[in-house]
Amino acid sequence: MDLPVDLTVLADDSLYLWAPRGAAGSWGLANCLLVTSGTAAALIDTPYDERMTRALIAAADRVLPAGAGVRTVVNTHANGDHCFGNGFFPGAEIISTDASLERHRCGEISPQEMQYLVHASDPDEPLGWYARDRFGAYDYTGITVVPPTLTFSGSHDFLVGDTEVRLIEVGPAHTSGDLIAHLPQHGVVAAGDVIFSGDHPAHWEGPLAEVVRACETVLALDPQWIVPGHGELIGQDGVRAYIGYLRDLEGEIADRHGKGLDAYEAADEILAAGFHPHLGAPERVVMLTFIEYHHLGGTGNALGMAELAGHAARWAHARAQVPSGA
(Lines give C-alpha, C1' and ligand atoms only; values in the text may rest on other atoms or scores of the structure.)
Protein backbone atom coordinates (compact mmCIF):
# COMPACT_ATOMS: atom_id res chain seq x y z
CA MET A 1 0.00 0.00 0.00
CA ASP A 2 1.05 3.59 -0.61
CA LEU A 3 0.88 5.78 2.49
CA PRO A 4 1.04 9.54 1.95
CA VAL A 5 3.87 11.34 3.70
CA ASP A 6 1.80 14.45 4.23
CA LEU A 7 -1.79 15.59 4.19
CA THR A 8 -3.38 17.31 1.19
CA VAL A 9 -4.74 20.79 1.91
CA LEU A 10 -8.37 21.08 0.84
CA ALA A 11 -9.36 24.48 2.18
CA ASP A 12 -7.64 27.52 3.70
CA ASP A 13 -4.96 25.55 5.54
CA SER A 14 -7.65 24.23 7.87
CA LEU A 15 -8.96 21.14 6.11
CA TYR A 16 -6.65 18.26 5.25
CA LEU A 17 -7.21 14.96 3.47
CA TRP A 18 -5.35 11.76 4.39
CA ALA A 19 -5.77 9.49 1.39
CA PRO A 20 -3.74 6.23 1.32
CA ARG A 21 -3.69 4.54 -2.08
CA GLY A 22 -3.15 1.03 -3.36
CA ALA A 23 -3.85 -1.14 -6.36
CA ALA A 24 -7.31 -1.17 -7.90
CA GLY A 25 -9.67 -3.17 -5.74
CA SER A 26 -7.72 -2.62 -2.52
CA TRP A 27 -9.47 -2.96 0.80
CA GLY A 28 -8.92 -0.94 3.98
CA LEU A 29 -7.43 2.25 2.49
CA ALA A 30 -10.03 4.66 3.82
CA ASN A 31 -9.90 8.43 3.49
CA CYS A 32 -9.63 10.48 6.69
CA LEU A 33 -10.36 14.20 7.00
CA LEU A 34 -8.56 16.44 9.51
CA VAL A 35 -10.45 19.60 10.48
CA THR A 36 -8.52 22.35 12.25
CA SER A 37 -9.33 25.82 13.57
CA GLY A 38 -6.89 27.64 15.83
CA THR A 39 -5.67 25.08 18.34
CA ALA A 40 -8.73 22.84 17.92
CA ALA A 41 -8.72 19.76 15.70
CA ALA A 42 -11.12 16.95 14.83
CA LEU A 43 -10.61 13.85 12.72
CA ILE A 44 -13.31 12.27 10.59
CA ASP A 45 -12.54 8.54 10.56
CA THR A 46 -9.39 6.81 11.75
CA PRO A 47 -7.17 4.30 9.87
CA TYR A 48 -7.21 0.52 9.85
CA ASP A 49 -4.10 -0.46 11.80
CA GLU A 50 -1.36 0.99 13.99
CA ARG A 51 1.15 1.62 11.21
CA MET A 52 -1.34 3.66 9.20
CA THR A 53 -2.58 5.54 12.24
CA ARG A 54 0.93 6.43 13.39
CA ALA A 55 1.67 7.75 9.89
CA LEU A 56 -1.45 9.91 9.97
CA ILE A 57 -0.59 11.25 13.43
CA ALA A 58 2.93 12.15 12.26
CA ALA A 59 1.49 14.00 9.26
CA ALA A 60 -1.02 15.83 11.46
CA ASP A 61 1.74 16.89 13.86
CA ARG A 62 3.39 18.72 10.96
CA VAL A 63 0.36 20.94 10.35
CA LEU A 64 -1.17 21.39 13.80
CA PRO A 65 -0.07 24.36 15.94
CA ALA A 66 2.09 23.67 18.98
CA GLY A 67 -0.02 22.28 21.78
CA ALA A 68 -2.90 21.35 19.49
CA GLY A 69 -4.16 17.82 19.14
CA VAL A 70 -7.12 15.81 17.95
CA ARG A 71 -9.72 16.07 20.70
CA THR A 72 -12.71 14.91 18.66
CA VAL A 73 -13.01 11.87 16.41
CA VAL A 74 -16.00 11.17 14.19
CA ASN A 75 -16.65 7.66 12.87
CA THR A 76 -18.82 7.66 9.76
CA HIS A 77 -19.66 4.02 10.53
CA ALA A 78 -18.38 1.02 12.50
CA ASN A 79 -16.29 -0.84 9.88
CA GLY A 80 -12.77 -1.35 11.19
CA ASP A 81 -11.04 0.54 8.40
CA HIS A 82 -12.82 3.68 9.65
CA CYS A 83 -12.44 3.20 13.40
CA PHE A 84 -9.70 0.72 14.42
CA GLY A 85 -7.40 3.73 14.90
CA ASN A 86 -9.64 5.29 17.55
CA GLY A 87 -7.54 3.97 20.40
CA PHE A 88 -4.49 5.95 19.29
CA PHE A 89 -6.24 9.22 20.20
CA PRO A 90 -6.50 8.81 23.99
CA GLY A 91 -8.96 11.13 25.67
CA ALA A 92 -10.68 12.14 22.45
CA GLU A 93 -14.47 12.27 22.31
CA ILE A 94 -15.63 9.78 19.68
CA ILE A 95 -18.90 10.62 17.94
CA SER A 96 -21.09 8.35 15.86
CA THR A 97 -24.72 7.30 15.56
CA ASP A 98 -26.70 5.23 18.04
CA ALA A 99 -27.06 2.55 15.36
CA SER A 100 -23.31 2.55 14.78
CA LEU A 101 -22.68 1.89 18.47
CA GLU A 102 -25.09 -1.03 18.32
CA ARG A 103 -23.22 -2.40 15.30
CA HIS A 104 -19.98 -2.18 17.28
CA ARG A 105 -21.60 -4.47 19.85
CA CYS A 106 -22.73 -7.04 17.31
CA GLY A 107 -22.17 -7.35 13.60
CA GLU A 108 -18.59 -6.17 13.06
CA ILE A 109 -15.52 -8.34 12.55
CA SER A 110 -13.05 -7.75 15.39
CA PRO A 111 -9.31 -7.09 14.97
CA GLN A 112 -8.63 -10.52 16.46
CA GLU A 113 -10.93 -12.19 13.93
CA MET A 114 -9.25 -10.29 11.10
CA GLN A 115 -5.82 -11.31 12.36
CA TYR A 116 -6.90 -14.94 12.32
CA LEU A 117 -8.45 -14.72 8.84
CA VAL A 118 -5.38 -13.05 7.37
CA HIS A 119 -2.63 -15.01 9.10
CA ALA A 120 -4.04 -18.29 10.41
CA SER A 121 -6.97 -19.41 8.27
CA ASP A 122 -6.58 -22.10 5.59
CA PRO A 123 -4.87 -20.51 2.54
CA ASP A 124 -6.21 -23.28 0.29
CA GLU A 125 -9.79 -22.19 1.01
CA PRO A 126 -11.16 -19.25 -1.00
CA LEU A 127 -11.74 -17.00 2.01
CA GLY A 128 -8.31 -17.74 3.49
CA TRP A 129 -6.65 -17.01 0.15
CA TYR A 130 -8.71 -13.85 -0.32
CA ALA A 131 -7.98 -12.54 3.18
CA ARG A 132 -4.24 -12.91 2.62
CA ASP A 133 -4.36 -11.45 -0.87
CA ARG A 134 -6.46 -8.37 -0.01
CA PHE A 135 -5.63 -7.76 3.66
CA GLY A 136 -2.15 -9.24 4.06
CA ALA A 137 -0.50 -5.82 4.46
CA TYR A 138 -2.32 -5.12 7.73
CA ASP A 139 -1.30 -6.08 11.25
CA TYR A 140 -4.20 -6.11 13.69
CA THR A 141 -2.21 -7.09 16.78
CA GLY A 142 -2.42 -4.53 19.54
CA ILE A 143 -5.65 -3.01 18.18
CA THR A 144 -8.26 -2.35 20.84
CA VAL A 145 -11.66 -1.34 19.51
CA VAL A 146 -12.74 1.92 21.15
CA PRO A 147 -16.43 2.53 20.46
CA PRO A 148 -18.17 5.92 20.31
CA THR A 149 -18.41 7.89 23.55
CA LEU A 150 -21.12 10.23 22.22
CA THR A 151 -23.92 8.99 19.99
CA PHE A 152 -26.97 10.53 18.36
CA SER A 153 -29.89 9.83 16.06
CA GLY A 154 -30.90 12.21 13.29
CA SER A 155 -28.31 14.98 13.36
CA HIS A 156 -25.63 16.46 15.58
CA ASP A 157 -23.72 19.72 15.14
CA PHE A 158 -20.49 20.77 16.80
CA LEU A 159 -17.73 23.32 16.38
CA VAL A 160 -14.02 22.84 15.78
CA GLY A 161 -12.87 26.28 16.85
CA ASP A 162 -14.84 28.50 14.48
CA THR A 163 -15.59 25.73 11.98
CA GLU A 164 -19.07 24.20 11.97
CA VAL A 165 -19.39 20.45 11.46
CA ARG A 166 -22.84 19.05 10.78
CA LEU A 167 -23.30 15.29 11.20
CA ILE A 168 -26.32 13.78 9.44
CA GLU A 169 -27.47 10.19 9.92
CA VAL A 170 -28.11 8.52 6.56
CA GLY A 171 -28.18 4.83 7.53
CA PRO A 172 -29.19 2.18 6.97
CA ALA A 173 -27.28 2.28 3.70
CA HIS A 174 -23.68 1.03 3.59
CA THR A 175 -24.22 -0.12 7.20
CA SER A 176 -27.03 0.35 9.65
CA GLY A 177 -25.30 3.31 11.33
CA ASP A 178 -23.95 5.55 8.55
CA LEU A 179 -23.45 9.28 8.91
CA ILE A 180 -22.08 11.97 6.63
CA ALA A 181 -20.16 15.04 7.82
CA HIS A 182 -20.98 18.38 6.21
CA LEU A 183 -18.63 21.34 6.52
CA PRO A 184 -20.79 24.13 5.08
CA GLN A 185 -18.12 26.84 5.37
CA HIS A 186 -15.87 24.80 3.09
CA GLY A 187 -18.46 23.26 0.77
CA VAL A 188 -17.23 19.77 1.66
CA VAL A 189 -19.05 16.58 2.61
CA ALA A 190 -17.21 13.56 4.00
CA ALA A 191 -19.49 10.75 2.85
CA GLY A 192 -17.87 7.72 4.42
CA ASP A 193 -18.60 4.47 2.59
CA VAL A 194 -21.96 5.66 1.36
CA ILE A 195 -19.88 6.60 -1.69
CA PHE A 196 -16.94 4.77 -3.33
CA SER A 197 -14.81 6.20 -6.12
CA GLY A 198 -12.81 4.12 -8.62
CA ASP A 199 -13.86 0.62 -7.53
CA HIS A 200 -17.02 -1.38 -7.23
CA PRO A 201 -18.40 -0.61 -3.76
CA ALA A 202 -18.79 -2.89 -0.78
CA HIS A 203 -22.05 -2.44 1.10
CA TRP A 204 -23.19 -4.52 4.07
CA GLU A 205 -26.77 -3.37 4.73
CA GLY A 206 -28.67 -1.98 1.73
CA PRO A 207 -30.88 -2.24 -0.12
CA LEU A 208 -29.30 -0.31 -2.98
CA ALA A 209 -32.26 2.08 -3.02
CA GLU A 210 -31.25 3.21 0.48
CA VAL A 211 -27.68 3.85 -0.65
CA VAL A 212 -29.14 5.98 -3.46
CA ARG A 213 -31.21 7.88 -0.90
CA ALA A 214 -28.09 8.57 1.17
CA CYS A 215 -26.27 9.82 -1.93
CA GLU A 216 -29.17 12.11 -2.74
CA THR A 217 -28.88 13.54 0.77
CA VAL A 218 -25.27 14.41 -0.04
CA LEU A 219 -26.32 16.18 -3.25
CA ALA A 220 -29.05 18.12 -1.44
CA LEU A 221 -26.32 19.81 0.64
CA ASP A 222 -24.92 21.29 -2.61
CA PRO A 223 -21.24 20.66 -1.78
CA GLN A 224 -18.39 21.58 -4.07
CA TRP A 225 -16.33 18.55 -3.04
CA ILE A 226 -17.25 15.13 -1.73
CA VAL A 227 -14.76 12.93 0.11
CA PRO A 228 -15.77 9.31 -0.57
CA GLY A 229 -14.93 6.61 1.92
CA HIS A 230 -12.43 5.21 -0.56
CA GLY A 231 -10.94 6.66 -3.72
CA GLU A 232 -10.37 10.07 -5.25
CA LEU A 233 -12.10 13.30 -4.26
CA ILE A 234 -15.17 13.90 -6.48
CA GLY A 235 -17.71 16.61 -7.27
CA GLN A 236 -21.46 16.43 -7.65
CA ASP A 237 -21.22 14.91 -11.12
CA GLY A 238 -19.24 12.07 -9.59
CA VAL A 239 -22.02 11.43 -7.09
CA ARG A 240 -24.60 11.45 -9.88
CA ALA A 241 -22.54 8.93 -11.82
CA TYR A 242 -22.34 6.74 -8.72
CA ILE A 243 -26.11 6.92 -8.29
CA GLY A 244 -26.41 5.81 -11.91
CA TYR A 245 -24.17 2.83 -11.16
CA LEU A 246 -26.31 1.85 -8.17
CA ARG A 247 -29.54 2.10 -10.12
CA ASP A 248 -28.06 0.11 -13.01
CA LEU A 249 -27.03 -2.66 -10.62
CA GLU A 250 -30.38 -2.59 -8.81
CA GLY A 251 -32.14 -3.17 -12.13
CA GLU A 252 -29.77 -5.94 -13.23
CA ILE A 253 -30.24 -7.80 -9.96
CA ALA A 254 -34.02 -7.39 -9.90
CA ASP A 255 -34.24 -8.73 -13.46
CA ARG A 256 -32.36 -11.91 -12.58
CA HIS A 257 -34.22 -12.34 -9.30
CA GLY A 258 -37.43 -12.27 -11.30
CA LYS A 259 -36.07 -14.97 -13.61
CA GLY A 260 -35.43 -17.28 -10.67
CA LEU A 261 -31.60 -17.28 -10.66
CA ASP A 262 -29.97 -17.70 -7.29
CA ALA A 263 -27.86 -14.82 -6.00
CA TYR A 264 -24.48 -16.26 -6.97
CA GLU A 265 -25.68 -17.16 -10.47
CA ALA A 266 -27.16 -13.69 -10.88
CA ALA A 267 -23.94 -11.92 -9.86
CA ASP A 268 -21.84 -14.17 -12.08
CA GLU A 269 -24.07 -13.45 -15.05
CA ILE A 270 -24.04 -9.68 -14.40
CA LEU A 271 -20.25 -9.64 -14.26
CA ALA A 272 -19.87 -11.92 -17.28
CA ALA A 273 -21.96 -9.44 -19.27
CA GLY A 274 -19.36 -6.73 -18.57
CA PHE A 275 -20.94 -4.66 -15.82
CA HIS A 276 -18.77 -1.51 -15.38
CA PRO A 277 -15.58 -3.42 -16.23
CA HIS A 278 -13.34 -0.37 -15.68
CA LEU A 279 -13.89 -0.58 -11.91
CA GLY A 280 -11.72 -2.60 -9.51
CA ALA A 281 -12.91 -5.32 -7.11
CA PRO A 282 -15.64 -6.85 -9.33
CA GLU A 283 -16.17 -9.60 -6.74
CA ARG A 284 -17.94 -7.04 -4.57
CA VAL A 285 -20.88 -7.27 -6.99
CA VAL A 286 -21.38 -10.78 -5.61
CA MET A 287 -21.78 -9.36 -2.10
CA LEU A 288 -24.14 -6.64 -3.29
CA THR A 289 -26.27 -9.20 -5.11
CA PHE A 290 -26.68 -11.39 -2.02
CA ILE A 291 -27.68 -8.34 0.02
CA GLU A 292 -30.16 -7.18 -2.60
CA TYR A 293 -31.65 -10.66 -2.87
CA HIS A 294 -32.23 -10.64 0.87
CA HIS A 295 -34.20 -7.40 0.58
CA LEU A 296 -36.11 -8.72 -2.42
CA GLY A 297 -37.29 -11.57 -0.22
CA GLY A 298 -37.05 -15.30 -0.03
CA THR A 299 -33.45 -15.73 1.11
CA GLY A 300 -33.89 -16.08 4.86
CA ASN A 301 -31.79 -14.14 7.36
CA ALA A 302 -29.36 -11.45 6.28
CA LEU A 303 -25.82 -12.74 5.82
CA GLY A 304 -22.99 -11.58 8.09
CA MET A 305 -19.84 -9.87 6.86
CA ALA A 306 -17.72 -13.03 6.80
CA GLU A 307 -20.38 -14.95 4.85
CA LEU A 308 -20.71 -12.16 2.30
CA ALA A 309 -16.93 -11.94 1.95
CA GLY A 310 -16.85 -15.71 1.52
CA HIS A 311 -19.12 -15.54 -1.51
CA ALA A 312 -17.00 -12.76 -3.03
CA ALA A 313 -13.85 -14.78 -2.31
CA ARG A 314 -15.33 -17.85 -4.00
CA TRP A 315 -15.94 -15.84 -7.18
CA ALA A 316 -12.50 -14.19 -7.16
CA HIS A 317 -10.70 -17.45 -6.31
CA ALA A 318 -12.35 -19.26 -9.21
CA ARG A 319 -10.91 -16.70 -11.62
CA ALA A 320 -7.41 -16.42 -10.18
CA GLN A 321 -4.35 -18.53 -10.89
CA VAL A 322 -3.79 -19.73 -7.34
CA PRO A 323 -1.04 -22.27 -6.57
CA SER A 324 -1.74 -24.73 -3.75
CA GLY A 325 -0.85 -23.23 -0.37
CA ALA A 326 -0.82 -19.65 -1.68
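Me: Before I open the sheets, what makes two strands count as paired?

Reply: Two strands pair if DSSP finds at least two bridges between them. Keep in mind that this is a predicted model. Take β2 (residues 15-18) and β3 (residues 32-37): four bridges join these antiparallel strands. One place to look is leucine 15, which sits opposite valine 35 in β3.

Me: In what order do the strands of that sheet come, and is the sheet open?

Reply: Read the order from one neighbour to the next. Here seven strands run β1-β2-β3-β4-β5-β6-β7 in an open sheet with mixed pairing. The edges are β1 (8-11) and β7 (150-152), each of which pairs on one side only. On average, neighbouring strands in this sheet are turned by 25° against each other, ignoring direction.

Me: Which helices pack on it, and at what angles?

Reply: Check which strands a helix touches, then compare directions. Helix α1 (residues 50-63) packs on the sheet and touches β2, β3 and β4 (40-44), with its direction at about 155° to that of β2. Helix α2 (residues 98-105) also packs there, touching β6 (93-97) and β7, and its direction makes about 100° with that of β6.

Me: What about the sheet of five strands?

Reply: That one is open too, ordered β8-β9-β10-β11-β12, again with mixed pairing. β8 (155-160) and β12 (225-230) are its edges; each has a single partner strand, so one side of each lacks a neighbour in the sheet. Neighbouring strands here are turned by 25° on average, direction ignored. Six bridges link β8 to the antiparallel β9 (residues 163-169), and the bridge partner of valine 160 is threonine 163 in β9. Helix α6 (residues 236-258) packs on this sheet, touching β11 (188-196) and β12, with its direction at about 20° to that of β11.

Me: How do I read a helix pair, say α8 and α9?

Reply: Start with angle and axis distance, then list the contacts. Helix α8 (residues 284-296) packs against helix α9 (residues 305-318) at about 135°, and their axes are 8 Å apart. That angle makes α8 oblique to α9. Their crossing is right-handed. The contact uses Val286, Met287, Phe290 and Ile291 from α8, and Leu308, His311, Ala312 and Trp315 from α9. By class, that is seven nonpolar, one polar and no charged residues.

Me: And what does the radius of gyration say about the whole protein?

Reply: Compare it with what a compact globule would give. For 326 residues that would be near 20 Å, and the protein has 19 Å, which agrees. Its C-alpha atoms fill a box of roughly 60 × 45 × 35 Å along the principal axes. In total, the protein has nine helices and 12 strands.

Methods
Residues numbered from 1 in each chain as written. Predicted model: local features only at pLDDT ≥ 70, side-chain atom pairs only at ≥ 80, totals over all residues. Heavy atoms only, no water. Helix = DSSP H or I, 4+ residues; strand = E, 2+ residues; numbered from the N terminus. Axes fitted to C-alpha atoms, helices over the stretch in contact; angles between N-to-C directions. Contact = heavy atoms within 4.5 Å. Parallel < 35°, antiparallel > 145°, perpendicular 65-115°, else oblique. Left-handed = near helix turned anticlockwise from the far one by under 90°. Nonpolar A, V, L, I, M, F, W, Y, C, P; charged D, E, K, R; others polar. Rg over C-alpha atoms; globule rule 2.2 N^0.38 Å.
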